[in-house]
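Here's a walk through a structure you may not have met before. Have a look at the model first, and then we'll go through it piece by piece.

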Amino acid sequence: MMLTLFAGSAFADYALNFPEPVAPLPQQMYDLHMLTTKIATIIMIIVIGIVAYAILTFRKSKGYEADQNFHKSKFGVWSWLLVPVIVLGIDLTIAGSATDALKQVEDYSQKADLTVKVIGSQWKWTYEYMDDGIRVVSNMLPKEKAGDNYLRAVDNPLVLPTNRRIRFLHTASDVLHAWWVPEIVYKKDSIPGYINETWTNIEKEGTYRGQCAEICGTGHAFMPIVVEAVSTEKFETWKSEKLMVAQAAQAEASADKTWTKDELFSRGETIYNTNCSGCHQVNGSGVKGVFPALAGSKIATGKIADHINIVLNGKASTAMSAWGAQLNDLEIAAVITYERNAWGNDTGDTIQPADIKSARK
Ligand code: HEC
Ligand SMILES: [Cu+2]
């Protein structure tokens, strides 16, 4: 047990304090934390000092006799007033700065330069750039690829521009999650069927890491967050590249091309391992009692229409979500072809994008 604790040193940079924020509002919160910590430390030192002094000075063994008139002295009388006034003063000092920060947290009046919808799901994050129609699915990198950043690294980070007001819309597709990157933004819950809002303005380029901050199931520890903050120019370049790739993929998917089984199978494998293996496992074995095995499954080896239906539309009130809105026709055809031919599911079936297109209607 102790060994595993110490072996974990690669997982986190142990530090005495919170990471220093790179955005104004989180900075203000950080400063508040420092202010309260300082005040608390000073009070602690004063109180411990008085207690220690009292213990050492007013001892019975020294023949000390309690002062019966202390409360009648000038100090004794005024301290009743003085102490509460000082306490109130401290409280108001903290509350004053805290109110300003809270007001900014709830300030939705300013126009954002960029809006990103952040969707939590078991167990990954999806980012939708609302103004550009870009969608990024962010999965944790396996140990082999992540190296020292295991549990803190993802395949596709959220790329954001610096010095722009960014609005985050938080929601979830299954259970509660919370998107938390302390250096750039404060924390609000991601709630299914509900939108929460936060905002930031990142002042420094860099890579910022965070994690899900709301227990969301057995994979809770496996949905890290990586934000890549870049200059506006770099962001625009990234955006246009991303759009080009997305458009090319869309054009490819909607072309009435007939694909070979091998082409679909190998594409399907990647799509499966990115989107489905988190639950159904890489080897298709599922997790007993929670996620059905697809190897030998009735649906994955039975009627094609049923298979297409569950992948396109999901299954209500289960963890199986509707992939129709998230994957294009080619991707769905590929992943179904893969499932019907992998892990000994030797159906020999090939599903074409056109089949998915007609199933959508
Ligand atoms: C969050 C977990 C999760 C993810 C991710 C997921 N599924 Fe599922 N899937 C389920 C659950 C749970 C069921 C069982 C639903 C039910 O109760 O019938 C299921 C059922 C299925 C079935 C029917 C299996 C059977 O025999 O009943 C197929 C096929 C399937 N999923 C394919 C996929 C594909 C393809 C993907 C990726 C694009 C995917 N799933 C991603 C949780 C998941
Ligand atoms: Cu989560």
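What follows is a tour of the domains, the metal sites, the aromatic rings and a few backbone oddities.

Before anything else, keep in mind that this is a predicted model.

**The layout**

Let's start with the big picture. The protein chain splits into three pieces: domain 1 (24–58 + 69–105), domain 2 (114–241) and domain 3 (255–360). If you go from the C-alpha centre of domain 1 to that of domain 3, you cover 62 Å.

**The copper ion**

Which residues hold the copper ion (ligand 2)? Four protein donors do the job, namely His177 through ND1, Cys212 through SG, Cys216 through SG and Met223 through SD, and they lie 2.0 to 2.5 Å from the metal. The angles among these four donor atoms run from 96 to 126 degrees, and the site is tetrahedral. That label fits because four donors count as tetrahedral when all angles lie between 85 and 135 degrees. Reading along the sequence, you'd find the donor residues of the copper ion spaced as H-x34-C-x3-C-x6-M.

Two of these donors come from separate strands. His177 belongs to strand 6 (residues 177–181) and Cys212 to strand 9 (residues 206–212), so this pair ties together parts that are 35 residues apart in sequence. Buried or exposed, what are His177 and Cys212? Both His177 and Cys212 are buried.

**The iron atom**

Now for the other metal. The iron atom of ligand 1 is coordinated by His280 (NE2) and Met320 (SD), at 2.0 to 2.2 Å. Its site has six donor atoms with angles of 86 to 178 degrees among them, and the geometry is octahedral. His280 sits in helix 7 (residues 277–280), while Met320 is in the loop between helix 9 (304–313) and helix 10 (329–341), so to speak a link between distant parts of the chain, 40 residues apart.

These two residues get different labels for accessibility. His280 has a relative accessible area of 12% and is buried, because buried means under 20%. Met320 comes in at 22%, so it counts as partly exposed.

**Aromatic rings**

How many aromatic pairs does a search of the whole structure find? The answer is 13. Here are two of them:

| Ring pair | Centre to centre | Angle between planes | Type |
|---|---|---|---|
| Tyr127 and Trp179 | 6.1 Å | 75 degrees | edge-to-face |
| Tyr129 and Phe235 | 6.2 Å | 35 degrees | tilted |

Tyr127 lies in strand 2 (residues 124–129) and Trp179 in strand 6, so their pairing ties together parts that are 52 residues apart in sequence. Tyr127 is buried, with a relative accessible area of 0%, and Trp179 is buried at 0% relative accessibility too.

The tilted pair reaches further along the chain: Tyr129 is in strand 2 and Phe235 in helix 5 (residues 232–254), so parts 106 residues apart in sequence are tied together. Tyr129 and Phe235 are both buried.

There's also a cluster, in which ring pairs link Phe265, Tyr272, Tyr338 and Trp343.

Some rings have a charge for company. The charged end of Lys187 sits over the ring of Trp180, 4.3 Å from the ring centre. Likewise, Lys257 lies over the face of Trp259, with 3.9 Å to the ring centre.

**A buried arginine**

Arg340 is worth a stop. You'll find Arg340 in helix 10, and with 1% relative accessibility it counts as buried. What does the side chain of Arg340 reach? It reaches the backbone oxygen of Ala300, at 3.4 Å.

**Backbone oddities**

Most residues other than glycine have a negative phi, and most peptide bonds are trans. With that in mind, a few spots stand out.

The peptide bond from Gln122 to Trp123 is cis, with omega near -5 degrees. Trp123 is located in the loop between strand 1 (114–121) and strand 2.

Asn163 has a positive phi, near 55 degrees, and isn't a glycine. Its place is the loop between strand 4 (158–161) and strand 5 (166–172), and at 47% relative accessibility Asn163 counts as partly exposed.

Trp343, a member of the ring cluster, also has a positive phi, of about 50 degrees. Trp343 lies in the loop between helix 10 and helix 11 (353–360), and its relative accessible area of 23% makes it partly exposed.

Conventions
Residues numbered from 1 in each chain as written. Chains lettered and ligands numbered in written order. Predicted model: local features only at pLDDT ≥ 70, side-chain atom pairs only at ≥ 80, totals over all residues. Heavy atoms only, no water. Donors = N, O, S within 2.8 Å, 3.2 Å for Na, K, Ca; no water. Tetrahedral: all angles 85-135°; square planar, octahedral: opposite > 155°, others 65-115°. Helix = DSSP H or I, 4+ residues; strand = E, 2+ residues; numbered from the N terminus. Buried < 20%, exposed > 50% of the residue type's maximum accessible area, 1.4 Å probe, protein only. Domains from an automatic or database assignment. Phe/Tyr/Trp six-rings, centres within 6.5 Å; stacked < 30°, edge-to-face > 60°. Lys NZ or Arg CZ within 6 Å of the ring centre and 35° of its normal. Polar contact = N/O pair within 3.5 Å; in protein donor to acceptor, adjacent residues only side chain to side chain.
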